[in-house]
Amino acid sequence: MRPAAIRPIALALSREMALTALLLLGVSFVVFLILYLSPGDPFSVLLEGQMAGDTARAGIREALGVPKAWYAQYLSWLGNMLKGNFGTSIRTGLPVFGEIVRVGLNTLTLTLGSLLITLCIAVPIALHAAVRGDTALSWPLTMLAYVVSALPVFWLGYLVIYVFIHKFGLFPLISGSSGAQEHAWLYFMVPIAVLGIANGTISEVIRYLRDEMSRVMAEDYIRTARAKGGSVWRHAFKEGLLIPVTEIIASKIPFILGGAVIVEQVFNWPGMGRMAWQAAQDRDFPVIMGIAMVAAAFVRLGSLLQSLVYAAVNPRGPQE
Amino acid sequence: MKHYSQVAGEIGAYSDLPFWKKADRGDLAYVAYGLFIVTLVLVSYALGALKLLPYDPQQISIGLLNAPPGRAGHLLGTDFLGRDILSRLIVGIQAYFLPGLLAIAISLSLGTALGVVAGYRGGPADALIAYFNDLVDSFPRLVLILLVIAAFKPDIYYVMVVVGVTGVPGVASLIAGKIRFLRQKNFIEAASVLGLPAHVIILKHILWYNCRTLLIIQATLGMGEAILIETSLSYLGFGVQEPTPSWGNMVQAGANYFLQGRFWPSTAPALAILFTILGFHLLGDGLNNILEGKRKK
Amino acid sequence: MQRIPVVVLLILAMALAMPAVSWPDSKRDGRPDGGILSYGEYGRPATLDPITSNEMISVRITELVFSGLVAIDEKQEIVPELAERWEASKDGRTYAFFLRKDVTWHPKEGEEARPLTADDVVFTYNIMMHPKTITPLKVRYEFIEKVEKLGDHAVQFTLKRPILNALAKFSFKVIPKHGPSNPLYLTREDPFVQRPIGTGPYILRNITADREVILVANEKYFRGRPHIDKFIAKPFADQNIMSQALMFNAIDMIVLVNPRDLPEIQGDKRFVLQPYNALSYAFFSYNLRNPLLADKRVRRAFTHAVNREEMLEAFFNKQGTIISGPFAPGSWAYNLDVQPLPFDPQRAIALLNEAGFTPGPDGVMQKDGKKLSLSLKVPIEKESEAVKRVVLAFQNYLKNVGVAVRVEFKEWQAWKADVFLEHNFDIILASWVFDDSADISSLFHSAEIGAWKNNFGGYSNPEVDGLIVESKLTLDHEKRRTINRKLHALLADEAPYTFLWTLTNYSGYHKKVRRVAIHPYKFFSFADEWFVPESEQK
């Protein structure tokens, strides 16, 4: 990397980190407030199966050392979090951080994997359309992309499982503990592929990439390069492909996270979605706060990546 | 966030040919299909509201559970309680239509307001709004929705408020971007030199002439997204609750029978979702290409 | 009903039943050792110890890992388990248990196995009753006054007062003194709840991140090493997928088969469907605080209006029994002479008329200008097709006799607050799970009306109160049975609930697993005897 590029990257990085910290703070506060104001007792999950009176319920808070006032609770959580302690789940007693990292990584794999698949499908189609214009092939491909984008992922999942079961005679679910499972790699890929195809963003990605690519190709500097007989590709790549791809990835991550929840459920993928739902239902404060932080961090990761790419490619400074 | 290309060098309305003569066949086809779907949705909505349905969507028929299409006059069969699927599909539109409009109304109005302030004023207002945008963008929308449902109740309108608010940054940045673009082209400066008051510039020239297509397109895409969110939530069990029909909860109810080989109860609503979202997407993209101008080779 | 939010009345901690003879090292019953059994559960266990666990999934695992002083066998008789014999005093106030001397705790990694002593029993009781331990069990054992150690292998419990069938209560699981890291009280943060150590036939080898639990055979199990080498509990988030997993041999057994899948499994020769009856039943409960529902004719009318047979057949493949009163039909307290109210809409309408209701202009019954319009609140659950069917069919049946029912699905916590705290409901659908004591006092006694108590319908009847108290005080089993039968008849007549049915639970498993005896209301109690023939072990 050229020395001139390092400083803007470092600047961009530090700016993003500061912003991220501020944002995470904001997110945590809002989430906490909503949780606090919602009906339901976070400790009632411990008392399930036993009809405890009010005194027993109050007794739990005392027994577990929960501070009384809401802001004290928030500050105590914040204090612990800054020390790296995200607390323990009320329901399982397991440390939140460890649990979330595990499921978070699983969801991250699913999300990023599916993004990769989406790009693998979208990028060639977009490039083809941008570079070659409207050919006989581009229309059916584009239509296919549109149809696939409108397909509800929750239905596609079942369809895929049905096909595997009845046409291939395979049961595409990964089994954690049962030793060597033939086709395990295949089973790993299935939910990623399903999410990659049906997350609803393919047509938009194609369109965005194609438009950006076309726009860049029409820019003067490219025309000049072409006229001079130079390689269009090298010049167009950075602005026409790399930047739009990171932009669209960054903006679509939150959307895909939502689709991941559904896929996780159908394919028994041990991810964050299930944990989030269970925690919301149980009002498991520490877990929800942890998940909110991690999910927000994911999203920031996307913008971080975007800023880094901008800075690396455009040392003059990022434009909006 | 949805991004659309800024077409260099074209400001204001085209003056020569009416747009439908200049447009690409494909785009016209998209728009035609899209409009067809929108009409279908509106008509069905009306039918549902006026209760002009083949069967009562809540009428249970214990003897006729999960009937295939065509049985006993049920054009699309019955669901797990023997209720007519076609009628429920029609009424299911009500699950997302008005809530979707709410979401769109919120994101467009707030988004435009913020975008105008950010773009027109610039400076610290811009930075503050940018922070706000980033904050809202960072919010894990799903977690927020789950929380809202837990905190209040599984009401689709509450959810759509969340969706609307989380859609604000996208619209705001588009509007702000458009304004910056116009500013770059000295459009705004020219207008104010001519003595036009600020609110006229903003309302008439910026928004109406230059942003309206953008907003229309955002509205169509917003509806597509609202359908997706509402059906996904209802599928998971958080959105519209029984016995009110929603395409999402119909797919969920039918999915229980899918692996046994009975496809129809879940496929009918899934196809409805497919064709409708497709319609809105195509409408949005077609309009975008036609109205905002498409790069011709 | 399997996925209705079960408001558990009492959870029995059950131990294993004992075969006729036992040797400490291997079961000399001629059956082969070996094989792995993986079973599917819908949901994931939170904790794995017998004290903090309050979900059926966790309790099932504790049946495999832990033992109690005594156990209850399939004939519902008390048999020895950790205690080889016991002595009860004449006044019924002291029970002394003499422990086996050959029981050892599951060894920790690299350590020697420690023997079970009386200290462990005392420890278990103390930690269970500590105010800072949060457990559903405290209520069950409040009748115990104190426990003391009589020797290394002898303990004595002193009761506050003699109670009927006290011995059965000593089936609670015993945990080791060296187990929890906190010697005084047990919280969910204690590593012991995730890495339990017991004396049962299976040792917890591992629990994976996605809550898959792996249990291996305890070579030193005091009844002889269990046959099957390994048990694996696999959690599923989707019941349809779980059923398919069984069909595909990804798992060998499903604990509770969804009625929807029964025909498919039944038709497949590879699998066995085994029924077992939980002592539970489903019901619609009415809020008697609403004046419209205070009249018992109205409630009886509702019961007549509902066609329970049709629902049982259409929704549950007829796999269950319709009940007429507040006990499960398998229970000793059930009064078989009392018939369920028949489906008779005409009679329902007649009763409503008698109660002063007449059809209004829109068809809805009304009285003094007040419409018979009620709210039916149901908690939202993922796998709840059965609940939806019953609830909506109920709404339909009542519509046919002129009653307007508004169905509201609410989020779980909000529902609980409405039902148990605010008492803001007219009708709810729920089910109770019982143990063998058939104690319905907390459901219908007037003293149990209040915040977070089980008599959420607000039913109050001095005659019922009297019978309940009498039943609790008597020490004669036959007398108790007579009283309960009277209660049954009375409550059937009063109809504070519309009693629905007890469903037959089915477990589905691959036929390679043999000698599967399922405890009447606990699942794995006899699991150490299950075996897989050598030819089918993998």
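## The second largest cavity

In this predicted model, the second largest cavity holds about 320 Å³ of space. Its lining comprises 18 residues, and those closest to the centre are A:F255, A:G258, A:G259, B:I229 and B:S232.

Three helices each contribute at least two lining residues: α11 (232-266) of chain A, and α5 (141-151) and α8 (198-236) of chain B. The largest share, six residues, is supplied by α11(A). By residue class, the lining of this cavity consists of twelve nonpolar, five polar and one charged residue.

## Confidence in chain A

Chain A has a mean pLDDT of 77, with 80% of its residues at 70 or more. Within this chain, residues 176-180 have a pLDDT below 50, and the stretch makes six contacts in the model beyond near neighbours in sequence. Where pLDDT is low, predicted coordinates should not be read in detail.

## Helix α2 of chain C

Helix α2 of chain C covers residues 118-129, twelve residues in total. At 1.5 Å a residue the expected span is 16 Å, and the end C-alpha atoms lie 17 Å apart, so the modelled length agrees with the expectation.

The helix is mostly covered, with nine of its twelve residues buried. The buried positions are C:A118, C:D120, C:V121, C:V122, C:F123, C:T124, C:Y125, C:I127 and C:M128. These buried residues of α2(C) pack against three strands of chain C, namely β6 (94-99), β7 (144-151) and β8 (154-159).

## Backbone geometry in chains B and C

In chain B, the peptide bond from B:E242 to B:P243 is cis, with omega near -5°. B:P243 is located in the loop between α8 and α9 (247-258) of that chain. Helix α8 of chain B is also one of the elements that supply at least two residues to the lining of the second largest cavity.

Chain C contains two non-glycine residues with positive phi to be noted here. For C:K318, phi is about 65°, and the residue sits in the loop between α8 (308-316) and β15 (320-322) of chain C. Its relative accessibility is 55%, above the 50% cut-off, and C:K318 therefore counts as exposed.

For C:R515, phi is near 55°, and this residue belongs to the segment after β24 (505-510) of chain C. The relative accessibility of C:R515 is 41%, which falls between the 20% and 50% limits, so C:R515 counts as partly exposed.

Note on methods: Residues numbered from 1 in each chain as written. Chains lettered and ligands numbered in written order. Predicted model: local features only at pLDDT ≥ 70, side-chain atom pairs only at ≥ 80, totals over all residues. Heavy atoms only, no water. Helix = DSSP H or I, 4+ residues; strand = E, 2+ residues; numbered from the N terminus. Expected span 1.5 Å × (residues − 1). Buried < 20%, exposed > 50% of the residue type's maximum accessible area, 1.4 Å probe, protein only. Contact = heavy atoms within 4.5 Å. 1 Å grid on protein atoms, 1.4 Å probe; cavity = no way out; pocket = protein on both sides within 12 Å on 5 of 7 lines; lining within 4 Å. Points joined across faces, edges and corners; volume = space filled by probe spheres on them. Nonpolar A, V, L, I, M, F, W, Y, C, P; charged D, E, K, R; others polar. pLDDT = per-residue confidence, 0-100.
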